[in-house]
Amino acid sequence: MSAHESMEQAEHAEHASGENKKIALLIAVIALCLALSETLGKGAQTESIAKNVEASNLWAFFQAKSIRRTTVQTAAEQAKLAAPGDDAMKAAVQKQIDDWQKTAARYRSEPETGEGTEQLAERAKHAEEERDLATAKYHHFELASGAFQISIVLASATIITGIVALAWIAGLLTLTGVVFTALGIFAPHALHLAL
């Protein structure tokens with residue numbers, strides 16, 4: 001092998017080494033983006049599950065209050081129909097009917113504690129909205145993570161194959177992942193509204 005050929009091989013190896021360093025840096029950046037989207041995705045997933053449990057609990061409490069209210073109202077209506085004949089008994093029964101009606105009204109609306117059926121329904125709906133928001137964020141972060149994972153594979157394949165087009169595709173997919181991450185953070189319902 002001549003000195004000239006050795007020099008050309010050394011220059012080629014040095015050039016390839018420089019390209020590989022750039023690809024390695026690209027992979028490191030993509031891996032960082034992947035870690036961020038995975039962390040954000042797990043947080044959104046946890047929040048979605050927590051809000052779903054909260055909404056379910058509130059709806060169960062709502063149902064329990066509704067059943068209690070219906071039971072008390074039914075008892076009051078039955079007592080009205082079966083009112084005894086003497087005045088003392090009628091007064092006692094009427095007092096009990098009034099108490100049951102007050103209880104039924106309190107079960108319907110109890111703003112002081114937020115535990116009337118009206119307040120429980122509002123709280124449950126709010127928890128469902130927060131759950132839906134967290135779920136929308138989670139879906140965007142999952143799409144971003146997928147894009148970042150594919151980008152890492154393509155960038156790694158560039159080192160092995162030397163096909164630079166794979167690095168460009170990896171870069172485009174990375175940008176796609178960044179867009180999905182940004183949508184998850186700033187506009188989780190944007191794509192859902194557009195569809």
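How much area does the protein expose, and what share of it do carbon and sulfur atoms supply? In this predicted model, the exposed area comes to about 12300 Å², and carbon and sulfur atoms account for 64% of that surface. As for the interior, 29% of the 195 residues of the protein count as buried.

The secondary structure is easy to follow along the chain. The protein has 5 helices and 0 strands, so that reading from the N terminus gives the order α-α-α-α-α. Contacts across the sequence add to this picture: among those between residues at least 6 apart, 72% join residues at least 24 apart.

Helix α3 is a good place to pause. This helix covers residues 117–161, 45 residues in total, and spans 65 Å between its first C-alpha and its last. That reach is close to the 66 Å expected at 1.5 Å a residue. Just after α3 comes glycine 162, whose phi is positive, at about 80°.

A nonpolar patch on the surface also deserves a look. Leu40, Ile185 and Phe186 make up this patch, which has an area of about 310 Å². Of these residues, leucine 40 lies in helix α1, the element that runs through residues 3–81. Leucine 40 has a relative accessible area of 34% and is therefore classed as partly exposed, because that class takes in values between the buried limit of 20% and the exposed limit of 50%. The value of 34% for leucine 40 also fits the patch criterion, because patch residues need over 30% relative accessible area.

Technical notes: Residues numbered from 1 in each chain as written. Predicted model: local features only at pLDDT ≥ 70, side-chain atom pairs only at ≥ 80, totals over all residues. Heavy atoms only, no water. Patch = residues over 30% accessible without salt bridge, like charges linked within 9 Å, V, L, I, M, F, W, Y side chains within 5 Å. Areas by Shrake-Rupley, 256 points an atom, 1.4 Å probe, with all protein chains shown as cover. Salt bridge = Lys/Arg side-chain N within 4 Å of Asp/Glu carboxyl O. Helix = DSSP H or I, 4+ residues; strand = E, 2+ residues; numbered from the N terminus. Buried < 20%, exposed > 50% of the residue type's maximum accessible area, 1.4 Å probe, protein only. Expected span 1.5 Å × (residues − 1). Contact = heavy atoms within 4.5 Å.
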